[in-house]
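Visitor: I would like to learn how to read the features of a model like this one, taking them one after another. Could you show me the general idea each time, and then the case at hand?

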Amino acid sequence: HDELRSMGFEINKYDPCVANAMINGSQATICWYVDDNKISHKDPKVVDNVISTIKTKFGKMSQTWGNTHNFLGMDITFKKNKIKILVWRF
């Protein structure tokens, strides 16, 4: 948490695996669980900068870009003001 706080993020008081920061006038959000992370902001350059900072502190990590992502066993698709979530059941 200290690393995120040093980047200007505040930990969500209801979910300690979510942090938010206002960057360039818009909210940036980081969600994580163990080694699975999701970072969002309306400006892709802000996401790049956050990822670069995290990489310098924690090392290399894989990334996906675009409208469809897998996070915690869910396929999440963002499309024109809608979010579609497909949950995989094992």
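**Reading a surface residue, then the strands**

Guide: Let us start with L72, which counts as partly exposed because its relative accessibility is 41%. Please keep in mind throughout that this is a predicted model.

Visitor: Where does L72 lie, and with which residues does L72 form a nonpolar patch on the surface?

Guide: L72 sits in the loop that runs between strand 5 (68-71) and strand 6 (74-79). Together with Y33 and V34, L72 makes up a nonpolar patch on the surface, and the accessible area of these three residues together is about 340 Å².

Visitor: What phi does L72 take in the hairpin of strand 5 and strand 6?

Guide: L72 takes a positive phi near 55° there, in a hairpin that has two residues between its strands. Strand 5 and strand 6 run antiparallel and are joined by four bridges, and F71 stands opposite M74 of strand 6.

Visitor: How should I read the pairing of strands in general, and how many bridges join strand 6 to strand 7?

Guide: In general, the strands of a sheet pair through backbone hydrogen bonds, and the pairing may be parallel or antiparallel. Here, strand 6 is joined to strand 7 (residues 82-87) by six bridges, with the two running antiparallel; the bridge partner of I76 in strand 7 is I85. The hairpin of strand 6 and strand 7 has two residues between the strands, and within this hairpin K80 takes a positive phi near 40°.

Visitor: In what order do the four strands of the open sheet come, and which are the edge strands?

Guide: The open sheet has four strands in the order 1-2-3-4, with antiparallel pairing. Its edge strands are strand 1 (10-11) and strand 4, each of which pairs on one side only.

Visitor: Which residues stand opposite one another where strand 3 meets its partners?

Guide: Strand 2 (residues 18-23) is joined to strand 3 by six bridges, and these two run antiparallel; the partner of M22 in strand 3 is Q27. Strand 3 (residues 26-33) also pairs with strand 4 (residues 36-40), in the antiparallel sense and over five bridges, with I30 opposite I39 of strand 4. In the hairpin of strand 3 and strand 4, which has two residues between the strands, V34 takes a positive phi near 55°, and V34 also belongs to the nonpolar patch described earlier.

Visitor: Turning to side-chain contacts, how many salt bridges does the structure hold, and which side chains meet?

Guide: The structure holds one salt bridge, in which the side chains of D2 and R5 meet at 3.6 Å, N to O. Both residues lie in helix 1 (residues 2-6), three residues apart, which is about one turn of the helix. D2 is exposed, because its relative accessible area is 58%, whereas R5, at 46% relative accessibility, counts as partly exposed.

Visitor: Why is C17 in no bond with the closest cysteine sulfur?

Guide: To read such a case, one compares the sulfur separation with a cut-off, since a disulfide calls for two cysteine sulfur atoms within 2.5 Å. The closest cysteine sulfur to that of C17 belongs to C31 and is 9.0 Å away, so the two are too far apart for a bond. C31 is likewise in no disulfide, and the structure holds zero disulfides. As for its surroundings, C17 is partly exposed, with a relative accessible area of 25%.

Definitions and conventions:
Residues numbered from 1 in each chain as written. Predicted model: local features only at pLDDT ≥ 70, side-chain atom pairs only at ≥ 80, totals over all residues. Heavy atoms only, no water. Patch = residues over 30% accessible without salt bridge, like charges linked within 9 Å, V, L, I, M, F, W, Y side chains within 5 Å. Areas by Shrake-Rupley, 256 points an atom, 1.4 Å probe, with all protein chains shown as cover. Salt bridge = Lys/Arg side-chain N within 4 Å of Asp/Glu carboxyl O. Buried < 20%, exposed > 50% of the residue type's maximum accessible area, 1.4 Å probe, protein only. Pairing = 2+ DSSP bridges.
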